[in-house]
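User: Please take me through the pockets, the cavity and the nonpolar cores of this model, with the cut-offs behind each term.

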Amino acid sequence: MNGIFYFSSTGNSLYLAKKIQSKLNGNVIYIPNYKGNGSEYDRIIIVSPVYSFGLPVHTYDFLLNINEKSKIYVVLNYGGMVGGADVLTYNLAKEHNKNICGVYKLKMPENYTLTFTPPSIYSKLVLKNSHKKINKIIAELKQDKVSIPKNSKTYENTYYKNKSNWHLIGNSFSVSDNCVKCKKCINICPINNITMVNNKIQFGNNCVSCLGCYHRCPEKAIKYKNRNKKSRYLNPYVKDNEIGSDF
């Protein structure tokens, strides 16, 4: 049986996970909800974004915790540069004696838009092109093929340096007067880094840089470095309230 584990803040990975489920069956599980080691699944398919040329904290920890018998496939999606994240992921799994059978990668619309927002027409084109790519990946997964990523340069040092500092980004977030204290940001934060103190939203020091709160605030009230950018991103093929759920 397939266990399709995903990490997603704006829906890209969830969209891909549900596409895989529609063709291969299995359970779709939001990684922060899961406490096991995957031993109940013959095959584990991890669907994850790329953060700074590597894996998000939750995906990284989950990969290292998987049992050594289940076959593991990883489907990475990236908005900017992949930077050898597929090779880094494969090597990481091998170093920890995981039964890694393949790592795939495909481009999806960029959602790290704190300082730069790609033109909407470009994001739509990237999403359109992703349909063909994910179907090709699914076809290979269906055949249970071994897919070792081609050796390429990784940015391992950059990744680990950035990963150790992600928690600091929380210090750069604040809320504008548009905040209606709906507490959605508190409820969707995968690390419980957002709280209400004295009737005001506060951001802690354990941020994982997923930007879920930033993109999905219904009032666009969350600011980064006190900037009032209006552009936000949510994958158009998923519903907001589906992100973070199991299927």
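User: Where does the largest pocket lie with respect to the domains?

Analyst: This is a predicted model, in which local features need pLDDT of at least 70 and side-chain atom pairs count only at pLDDT 80 or more, while totals for chains, interfaces and linings use all residues. Residues are numbered from 1 along each chain as its sequence is written, and side-chain values use heavy atoms, without hydrogens and water. The lining of the largest pocket (an open set of 1 Å grid points with protein on both sides within 12 Å along at least five of seven lines, lined by residues with an atom within 4 Å of a point) takes residues from domain 1 (2–157) and also from domain 2 (166–224), so this pocket lies between the two domains.

User: Which elements give two or more residues to the lining of the largest pocket?

Analyst: The largest pocket, with a volume of about 570 Å³, is lined by 27 residues, and nearest its centre lie Val50, Tyr51, Ser52, Glu110 and Tyr112. Among the DSSP runs (helices of at least four residues, strands of at least two), those that give two or more residues to this lining are helix H1 (12–24), strand S4 (71–78) and helix H5 (156–165).

User: How many residues of the lining of the largest pocket are charged?

Analyst: The residues of this lining include 13 that are nonpolar and 13 that are polar. What remains of the division, in the class made up of Asp, Glu, Lys and Arg, is the charged part, which comes to one.

User: Which element gives the most to the lining of the second largest pocket?

Analyst: The second largest pocket has a volume of about 330 Å³, and of the 26 residues that line it, Tyr30, Ile188, Cys189, Pro190 and Cys210 are the closest to its centre. Two or more residues of this lining come from helix H6 (184–188) and likewise from helix H7 (212–216). Domain 1 (2–157) and domain 2 (166–224) both contribute to the lining, so this pocket too lies between them. With three residues, the element that gives the most is H7.

User: Which element supplies the largest share of the lining of the largest cavity?

Analyst: The count comes to one cavity of 30 Å³ or more, a cavity being a set of points where a 1.4 Å probe fits but cannot get out, and about 130 Å³ of space lies in it. It is lined by 17 residues, of which Cys179, Cys182, Cys185, Cys217 and Pro218 are the closest to its centre, and the lining divides into twelve nonpolar, no polar and five charged residues. H6 and H7 each supply at least two of these residues, but the largest share, three residues, comes from H6.

User: Where does the largest nonpolar core lie with respect to the domains?

Analyst: The largest nonpolar core (buried nonpolar residues joined through side-chain atoms within 4.5 Å) has 56 residues, and Ile20, Ile45, Ile46, Val47, Val75 and Leu141 have the most contacts inside it. Because domain 1 (2–157) and domain 2 (166–224) both give residues to this core, it lies between the two domains.

User: What is the relative accessible area of Thr59?

Analyst: Thr59 lies in helix H2 (residues 57–65), and, leaving out residues up to four places away in sequence, it touches Phe7, Ile31, Ile46 and Ser48, where contact means heavy atoms within 4.5 Å. Thr59 is buried, a term that stands for under 20% relative accessible area with a 1.4 Å probe, and its own value is 1%.

Notes. Grid points are joined across faces, edges and corners, and a volume is the space filled by probe spheres set on the points. Domain bounds come from an automatic or database domain assignment. Buried means under 20% relative accessible area, exposed over 50%, partly exposed in between (1.4 Å probe, protein chains only).
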